[in-house]
Amino acid sequence: MDPTSDRDGDRDARAPLLAQLAHVELLTPRLEESTWFFRDVLGLEETGRDGASVYLRAYEDFYHHTLQLTAAEHPGLGRVAWRAASSDALEAVARRLGAAGFGRGWHDGGPGHGPAYRFVTPEEHPMEVLWEVAYYEAPPEKRSLLRNRPQRRPLRGVPVRRLDHVNLLARSVREVREFLVGCLGFRLREQKIGQGGTEVGAWLSMSPLVHEVAVMRDATGAAGRFHHLAYWYGCPQHLIDAADVCADYGIRIEAGPGKHGTTQGMFMYVFEPGGNRVELFGDTGYLIFDPTWKTVVWDVANEADLERSSIWFGGRLPETFYTYGTPSRREPVTGPGSRTVR
Ligand SMILES: [Fe+2]
């Protein structure tokens, strides 16, 4: 595509390429325990099994699944899947990624979705984009009388409502952020600038959600690691209830409940039994409808901005929050706090 042109074939090149975060594949060395955590503690619904994978969704997720848990030797990110804005947009984004050298080719698809174009970020976070999806159809005993809900709220654990966002660690936040904006059409909503003008955090979305993806600097200097995925829990009481249940059942809480300045979300970070970090995010995050939104910039070289943006109630974020990440398929990891460096 000619980057100076407003046309990409018959398509307006300014039209959105992506619509939403579709699903995330997490790798886990403890598949059954990880499945227990998401199904019984967070109330997700198991919708299928396929070889080494279990597929799950929250009760207000409309698609076949938003989470794929895959058995693996180490925890980590299998893949982040985005839904394109249209079938034309899928073709356009695939062409753009291929031309830019980030494309890894087409895949036939699988449970819950049709053909997907696979690609990586500049730090090789594995991703794909797809258009065709299968919608979840509840069996009779799980159908809600509320017509706008794809299933009844489960009477199990403290059920989260929907998938919200992913957070990537990066050696160079700037490079990954420029890729997300330039190749995928994300808009930069908030940004943290540290000592010497270095970009240390970026929060991006293509919808009114304040972010569907965040990128944070990896304090270990590693490239391409995964920080967390987040489910939306609803109102703050649910977060307190979830914290209570995690304490009861031995789920390690890393941080929170608390509130971030960035995104204004109330949060709690926990480690699922396989070793991946999961955030329960919700309530107070804000929405953006302004088409000329100006990026909010936090000056985190300034101690007050650093504290206020990271956490403004709920204590402090621990060291592991900045150093523990789970790798992509190729990387070994030894446990929370490990310093895996490529
Ligand atoms: Fe998050």
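## Iron site

In this predicted model, three residues coordinate the iron ion: His-165 through NE2, His-228 through NE2 and Glu-279 through OE. The distances run from 2.0 to 2.1 Å. Along the chain, the donors follow the spacing H-x62-H-x50-E. His-165 sits in strand 11 (residues 162–170) and Glu-279 in strand 18 (residues 277–282). These two residues are 114 residues apart, and the pair links distant parts of the chain. Both His-165 and Glu-279 are buried.

## Confidence

The mean pLDDT of the chain is 91. A score of at least 70 is reached by 92% of the residues. Residues 329–342 are another matter: pLDDT stays under 50 there. The model has 43 contacts beyond four places in sequence for that stretch.

## Salt bridges between strands

The structure holds 17 salt bridges. One of them pairs Arg-79 with Glu-25, with the closest N and O atoms 4.0 Å apart. Arg-79 belongs to strand 7 (residues 76–84) and Glu-25 to strand 3 (residues 18–28), so the pair ties together parts that are 54 residues apart in sequence. Arg-79 has a relative accessibility of 14% and counts as buried. Glu-25 is also buried, at 6%.

Glu-254 and Arg-277 form another salt bridge, at 2.7 Å from N to O. Here strand 16 supplies Glu-254 and strand 18 supplies Arg-277, so parts 23 residues apart in sequence are tied together. Both side chains belong to buried residues. Strand 18 also carries the iron ligand Glu-279.

## Helix 5: a buried side

Which residues of helix 5 are buried? They are Asp-305, Ser-309 and Ser-310. These residues lie on the same side of helix 5, because they cover an arc of only 115° around the axis. The buried residues pack against strand 12 (187–193), strand 16 (253–259), strand 19 (296–299) and helix 6 (320–323).

Ser-309 lies in helix 5, which spans residues 303–310. Its relative accessible area is 1%, so Ser-309 is buried. Beyond its neighbours within four places in sequence, Ser-309 is in contact with Lys-192, His-260, Gly-261, Thr-262, Trp-298 and Val-300.

## Helix 5: start and salt bridge

At the start of helix 5, Asn-302 places a side-chain oxygen within 2.9 Å of the backbone nitrogen of Ala-304. Within the helix, Asp-305 and Arg-308 form a salt bridge. Their closest N and O atoms are 3.8 Å apart. About one helical turn separates Asp-305 and Arg-308, because they are 3 residues apart in helix 5.

Are the two partners buried or exposed? Asp-305 is buried, with a relative accessible area of 16%. Arg-308 is partly exposed, at 47%. Elsewhere, salt bridges that share partners join Glu-32, Arg-39, Asp-40, Glu-46 and Arg-49 into one network.

## Gln-151 in its loop

Gln-151 is in the loop between strand 10 (126–130) and strand 11. With a relative accessibility of 1%, Gln-151 counts as buried. Its side chain makes a polar contact of 3.2 Å with the side chain of Glu-45. Neighbours within four places in sequence aside, Gln-151 is in contact with Glu-45, Arg-57, Tyr-59, Tyr-136, Ala-138, Lys-142 and Ser-144.

## Unusual backbone

Most residues other than glycine have a negative phi, and most peptide bonds are trans. Where does this model have a cis peptide bond? The bond from Gly-256 to Pro-257 is cis, with omega near 0°. Pro-257 is in strand 16. Glu-254 of the salt bridge with Arg-277 lies in strand 16 too.

Thr-263 has a positive phi, near 70°. This residue is in the loop between strand 16 and strand 17 (266–271). Thr-263 is buried, with a relative accessible area of 2%. Gln-264 also has a positive phi, near 60°. Gln-264 is found in the loop between strand 16 and strand 17. At 37% relative accessibility, Gln-264 is partly exposed.

Conventions
Residues numbered from 1 in each chain as written. Predicted model: local features only at pLDDT ≥ 70, side-chain atom pairs only at ≥ 80, totals over all residues. Heavy atoms only, no water. Helix = DSSP H or I, 4+ residues; strand = E, 2+ residues; numbered from the N terminus. Buried < 20%, exposed > 50% of the residue type's maximum accessible area, 1.4 Å probe, protein only. Contact = heavy atoms within 4.5 Å. Arc of directions from axis to C-beta. Polar contact = N/O pair within 3.5 Å; in protein donor to acceptor, adjacent residues only side chain to side chain. Donors = N, O, S within 2.8 Å, 3.2 Å for Na, K, Ca; no water. pLDDT = per-residue confidence, 0-100. Salt bridge = Lys/Arg side-chain N within 4 Å of Asp/Glu carboxyl O.
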